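Visitor: I would like to learn how to read a protein model feature by feature. Could we walk through one together?
Guide: Gladly; here it is.

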Amino acid sequence: MRKYDTVVFDLDGTLLNTLEDLCDCVNVIMQRYGWKVHTLEQIRNFVGNGIGKLMERSVPEGRNNPQFEEAFEAFREYYTGHCRIKTRPYDGVLELMSTLNEKGFHIAIVSNKNDAAVKELNDIYFSRFTESAIGDREGQQRKPAPDAVYAALEEMGCGRERAVYIGDSEVDYQTAVNSGLDCILVSWGFRERKLLESFEKAVVVDECQEIENILL
């Protein structure tokens, strides 16, 4: 019997390369308000805790800036309409999800991106493989809290015992720990491999085939 029958994926940096769209949309808002724009590498280090934290780290003085809430709402609206310009699945992701689906795995996506965007991106790219896609929503703590993972498992009718969490960052690692799930971390995402290797008991992989080998 396989060790796992359920896979919970992070979205940004794990399944989808969303970094360029996030960077472009942040900088549109920065320019709109006359603030300094950010490099792709800076935005890479800002992401992982939801768009609220992304904007808090991007706006001068963060939430203390009197225009923060206005700029945050402007970003939310702009990103919703421009979240698929450069965004693409990473190499091998669709093939991996197809294989897991064919082998009978339950597949979910859990993200700190807002719930509407998660569901939209899931519908576009992954809905033929997934049973649940949950983002940041009211009344639910963001990752690394386990709330969204538990909600996804409940939605699929799955337990934690045979579930594994796959992500690309320290937030994902801590989410797996807090949820009581084993953890696989991918090196192609938004964090350096050296950081990922520092997390106890996490398995770090460099390509989708390695995930398939582990799960099957």
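Guide: Helices (H or I, at least four residues) and strands (E, at least two) are DSSP runs, numbered from the N terminus. This is a predicted model, in which local features need pLDDT of at least 70 and side-chain atom pairs count only at pLDDT 80 or more, while totals for chains, interfaces and linings use all residues. Residues are numbered from 1 along each chain as its sequence is written, and side-chain values use heavy atoms, with hydrogens and water left out.

Visitor: Let me start with the backbone. Where is E61 found?
Guide: E61 sits in the loop between α3 (51-58) and α4. As a general idea, most residues other than glycine have a negative phi, and most peptide bonds are trans. E61 is not a glycine, yet its phi is positive, about 70°.

Visitor: Is E61 buried or exposed?
Guide: Buried means under 20% relative accessible area, exposed over 50%, and partly exposed in between (1.4 Å probe, protein chains only). E61 has 64% relative accessibility, so it counts as exposed. K201 also has a positive phi, near 75°, and is not glycine either. Its loop runs between α9 (193-197) and β8 (203-205), and K201 is exposed at 76% relative accessibility.

Visitor: Which peptide bond is cis?
Guide: The bond from K143 to P144 is cis, with omega near 20°. P144 belongs to the loop between β5 (132-136) and α7 (147-156).

Visitor: Now the sheet. What is the order of its strands?
Guide: Strands of a sheet pair through backbone hydrogen bonds, either parallel or antiparallel. Here two strands pair if DSSP finds at least two bridges between them. The six strands form an open sheet in the order β5-β4-β1-β6-β7-β8, with parallel pairing. Its edge strands, β5 and β8, each pair on one side only. From one strand to the next, the twist averages 20°. For such angles, axes are lines fitted to C-alpha atoms, for helices over the stretch in contact, and angles run from 0 to 180 degrees between N-to-C directions.

Visitor: How many bridges link β1 and β6?
Guide: Four bridges pair β1 (residues 6-9) with β6 (residues 163-167) in the parallel sense. One residue to look at is V8, whose bridge partner in β6 is Y165.

Visitor: And what surrounds β5?
Guide: Helix α7 lies across β1, β4 (106-114), β5 and β6, at about 155° to β5; contact means heavy atoms within 4.5 Å. Four of the five residues of β5 are buried, and the strand is mostly covered. β4 and β5 run parallel, joined by four bridges, and A108 stands opposite S132 in β5. The chain passes from β4 through helix α6 (residues 115-125) to β5 in a right-handed β-α-β crossover. Right-handed means that, with the strands pointing away from the viewer, the path from the first strand over the helix to the second runs clockwise.

Visitor: How many aromatic pairs are there in the whole structure?
Guide: Rings of Phe, Tyr and Trp (its six-membered ring) pair if their centres lie within 6.5 Å; planes under 30 degrees apart count as stacked, over 60 as edge-to-face and the rest as tilted. A search of the whole structure finds six pairs. One of them, F68 with F72, is stacked, at 5.9 Å centre to centre and 20° between the planes. Both lie in helix α4 (residues 68-81), four residues apart, about one turn of the helix. F68 is buried at 1% relative accessible area, and F72 is buried at 8% relative accessibility.

Visitor: Why is the pair of Y125 and F126 tilted?
Guide: Their ring planes stand at 45°, with centres 5.8 Å apart, so the pair counts as tilted. Y125 and F126 are both buried.
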